[in-house]
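Here is a short briefing on one protein model. Read it with the structure open.

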Amino acid sequence: MGLKDFFKTRQLKKAAKLQSQLSTNGNGHDLKVEPSICDDQLCVLWTKCQGCNELLYTSELKKNHSVCKHCGHHHRLTAQERIDLLTDYGSFLEIDDNILPSDPLNFKDLKPYKDRLKEAEKTSNSKEAIITGIGSINNQPVAIGAMEFQYIGGSMGSVVGEKIVSLAERAIEKRIPLILVSSSGGARMHEGILSLMQMAKTAGILKKLHEEKLLYVSLLTEPTFGGVTASFAMLGDILIAEPRARIGFAGRRVIEETIRQKIPKDFQTAEYLLENGQIDLVIPRQNLKPLVSDLIRLHSQNTKLKTGISPFSKIPLFAGV
Ligand SMILES: [Zn+2]
């Protein structure tokens, strides 16, 4: 018997005993007996670690940024949790939340795409697979976006592409760094070629950001795959991943079937990519904010030294000197 079943049985026994006592006293004939805690509440209280199967107090887990204290497994965060983790409290202001998805191809697979969109909004409590906005990290302004994996697997459709472009344009306009947190299965096939076009579109605006000598930090989290890996996620000036995050283009099974060879067990993990020079850093979640903050500060100082232009202002610092 699992722990959940044990608690449920115990509660039902207690409730039955209480009803029997009330009935005996003649007071509880119409009393509806319900367990003191329902299944959903149990799930809210406890979380089973996906790394080591330990049962963890959800509140304790949340306090530790959803990282298991026993095995260090990094549980998935929602886009909003990710923004809260990285930005200063109360500093984040969402932009472009009025850009909403449509169904230009009138696409239908097992169910209509329109229905999937409605369902995704309900389950993820998000209007699209990315949240973007302006905030600050240790009082340094940033343009930041975080992907929502619960929304159709964090897939990149037209809206995600448009919101990233718009965010990068704000970064250029305000001369502030860009931070993007990826968590995605890839391009959204329900939008066909329109979703694939977002790869070129996002890569284009990042080139412009690069020409403007602005910093772009890409955070890769579990999982980052497909068209997202093949475009903006791997184009950062600095690529940072969380421990054991899976990052790749095609899935493991597809590669094995194509090349007809077994691939290493740790293939497509953050650690494997680091070892092979494909990313720059693997950093535990607790250290992400201080690290990104330091990177922004160092880049800002370096830019001032090299060009005499503050990255946060279009006005030359030494004008007229
Ligand atoms: Zn664990």
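L220 stands opposite A241 in β8. In this predicted model, strand β7 (residues 216–224) and strand β8 (residues 238–241) pair in the parallel sense over four bridges. L220 and A241 are also among the residues with the most contacts inside the largest nonpolar core.

**The sheet**

- Seven strands make up an open sheet, ordered β3-β4-β5-β6-β7-β8-β9, and the pairing is mixed.
- β3 (93–94) and β9 (281–282) stand at the edges. Each has a single partner strand, so one side of each is left without a neighbour in the sheet.
- At the β3 edge, two bridges join β3 to strand β4 (residues 130–137), and the two run antiparallel. Within this pair, E94 stands opposite G133 in β4.
- At the β9 edge, β8 and β9 pair in the parallel sense over two bridges. Here I240 stands opposite L281 in β9.

**Helix α6 on the sheet**

- Helix α6 (residues 158–174) lies across three strands: β4, β5 (140–147) and β6 (178–184).
- α6 runs at about 175° to β5. Angles over 145 degrees count as roughly antiparallel, so α6 is roughly antiparallel to β5.

**Helix α6 against helix α7**

- How do the axes of α6 and α7 cross? The axes of α6 and helix α7 (residues 193–211) come within 8 Å and cross at roughly 10°.
- The two helices are therefore roughly parallel to each other, since the cut-off for that label is an angle under 35 degrees.
- On the α6 side, the contact includes V160, I164, V165, A168 and I172. On the α7 side, it includes L194, Q198, I205, L206 and L209.
- Charged residues in the contact include E169 in α6 and K201 in α7.
- By class, the residues of this contact divide into 10 nonpolar, five polar and three charged.

**The nonpolar core**

- The largest nonpolar core has 55 residues. Those with the most contacts inside it are L178, I179, L220 and A241.
- Which element gives the largest share of this core? The answer is α6, with six residues.
- I179 touches L86, V142, I144, V217, L219 and V292, leaving aside residues up to four places away in sequence. Of these partners, V142 and I144 fall in β5 (140–147), while V217 and L219 fall in β7 (residues 216–224).
- In soluble globular proteins, nonpolar side chains tend to be buried together.

Conventions:
Residues are numbered from 1 along each chain as its sequence is written. This is a predicted model: local features need pLDDT of at least 70, side-chain atom pairs count only at pLDDT 80 or more; totals for chains, interfaces and linings use all residues. Two strands pair if DSSP finds at least two bridges between them. Two residues are in contact if their C-beta atoms, placed from the backbone, lie within 7 Å. Axes are lines fitted to C-alpha atoms, for helices over the stretch in contact, and angles run from 0 to 180 degrees between N-to-C directions. Angles under 35 degrees count as roughly parallel, over 145 as roughly antiparallel, 65 to 115 as roughly perpendicular and the rest as oblique. A nonpolar core is a set of buried Ala, Val, Leu, Ile, Met, Phe, Trp, Tyr and Cys residues joined through C-beta atoms within 7 Å. A residue is buried if 20 or more other C-beta atoms lie within 10 Å of its own, exposed if 12 or fewer, and partly exposed in between; C-beta atoms are placed from the backbone.
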